[in-house]
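Thanks for coming. I have one structure to go through, and I will take it piece by piece. Please have the sequence and the model open while I talk.

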Amino acid sequence: MSSCLAGFKVRYNGTSAQNDVISWLASHGQAITVCPEIMAGFAIPRPAAEIVGGNAQNVLDGMARVRENNGKDVTASYISGARMVLKIALKNKVQAAFLKENSPSCGVNNVYSGNFDGHLLLGTGVTACILKNAGIQVYSETDLDYIKIKSFVSPDIAAEFAAEFGSF
Ligand code: SF4
């Protein structure tokens, strides 16, 4: 799961994107939290970045770039962070990833346009793409529901979860 969803202040602007369900699952030992950008060596805070000139698969294929809003090419670091997350996911045999929507690393359904104009396009971030390519189910915080969560946790944890949040 994206670290920022679990409440860690690792986003480019030094904030978290805390999600109560994700935080609960992480604090109950049901998730490994990762931040591909921090793993790749980026600082907090750091400039905003977007995928430019294509989609995440194009980035992995060397046909598009990830750039910061100052024009700096950070493609290699984004790919490096994605590969580190993939390695952890494979080593731990994870079934699914829950990642922060809209991020150039973690976005699952949408990412920003590449023009730094606030517009979103359909597409994934680089880490979400590399996980999907490896056959891992990838969801965003907007895709969370009880049925999915129940399928990934033990019956005891599912019951505890339902008592806390209901079976939404
Ligand atoms: Fe890190 Fe992903 Fe959250 Fe961005 S969206 S701060 S890369 S975990």
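Phe-116 has a relative accessibility of 33%, so it counts as partly exposed, the range for that class lying between 20% and 50%. Phe-116 sits in the loop that runs between strand E4, residues 110-112, and strand E5, residues 120-122. Its backbone deserves a look: phi is positive, about 55°, although Phe-116 is not a glycine. Bear in mind throughout that this is a predicted model.

Phe-116 also leads us to strand E1, since Ala-49 counts Phe-116 among its contacts. Ala-49 is found in E1. Is Ala-49 buried or exposed? Its relative accessible area is 10%, and the cut-off for buried is under 20%, so Ala-49 is buried. Besides Phe-116, and leaving aside neighbours within four places in sequence, Ala-49 is in contact with Val-66, Arg-67, Glu-68, Val-74, Tyr-78 and Pro-104. Take Val-66 from that list: Ala-49 and Val-66 are 17 residues apart in sequence, and their C-alpha atoms are 6.6 Å apart in space.

In the loop between H2 and E1 you will find Pro-45. The peptide bond joining Ile-44 and Pro-45 is cis, with omega about -5°.

Tyr-78, another contact of Ala-49, takes us to helix H4. H4 covers residues 75-91, which is 17 residues. How far apart are the end C-alpha atoms of H4? They are 24 Å apart, and at 1.5 Å a residue the helix should span 24 Å, so the two values agree.

Now the sides of H4. Its buried residues are Thr-75, Tyr-78, Ile-79, Gly-81, Ala-82, Val-85, Leu-86 and Ala-89. Seen down the helix axis, these buried residues fall within an arc of 160°, so they line one face of H4. The general background is that an α-helix has 3.6 residues a turn, so residues three or four places apart point the same way. On the other side of H4, Ala-76, Arg-83, Lys-87 and Lys-91 are exposed.

What covers the buried residues of H4? The cover includes helix H2 at 36-39, strand E1 at 49-52 and helix H3 at 56-60. It also includes strand E2 at 65-68 and helix H5 at 126-133.

After H4 comes Lys-93, in the loop between H4 and E3. Lys-93 has a positive phi of about 50° although it is not a glycine. With a relative accessible area of 71%, where exposed means over 50%, Lys-93 is exposed.

Next, helix H1, residues 20-27, and the residue in front of it. Asn-19 lies in the segment before H1. Its relative accessibility is 16%, so Asn-19 counts as buried. What does the side chain of Asn-19 do at the N-terminal end of H1? It caps that end, with a side-chain oxygen 3.0 Å from the backbone nitrogen of Val-21. Not counting neighbours within four places in sequence, Asn-19 is in contact with Leu-5, Glu-141 and Leu-144.

Within H1 itself, Val-21, Ile-22, Ser-23, Trp-24 and Leu-25 are buried. The elements covering them include strand E3 at 96-99, helix H6 at 146-152 and helix H7 at 155-165. Just after H1, Gly-29 takes a positive phi of about 70°.

That brings us past H7. Gly-166 lies in the segment after that helix. Its relative accessibility is 26%, so Gly-166 counts as partly exposed. Not counting residues up to four places away in sequence, Gly-166 touches Tyr-146 and Phe-161. Gly-166 and Tyr-146 are 20 residues apart in sequence, with 8.1 Å between their C-alpha atoms.

Last, the ligand. Which residues come nearest to it? Of the 14 residues around the ligand, the nearest are Cys-4, Cys-35, Glu-37, Lys-100 and Cys-106. By class, the shell around the ligand divides into six nonpolar, four polar and four charged residues.

To go back over two points: Asn-19 caps the N-terminal end of H1, and the buried residues of H4 line one face of that helix. That is what I had.

Methods: Residues numbered from 1 in each chain as written. Predicted model: local features only at pLDDT ≥ 70, side-chain atom pairs only at ≥ 80, totals over all residues. Heavy atoms only, no water. Near = heavy atom within 4 Å. Nonpolar A, V, L, I, M, F, W, Y, C, P; charged D, E, K, R; others polar. Helix = DSSP H or I, 4+ residues; strand = E, 2+ residues; numbered from the N terminus. Buried < 20%, exposed > 50% of the residue type's maximum accessible area, 1.4 Å probe, protein only. Contact = heavy atoms within 4.5 Å. Polar contact = N/O pair within 3.5 Å; in protein donor to acceptor, adjacent residues only side chain to side chain. Expected span 1.5 Å × (residues − 1). Arc of directions from axis to C-beta.
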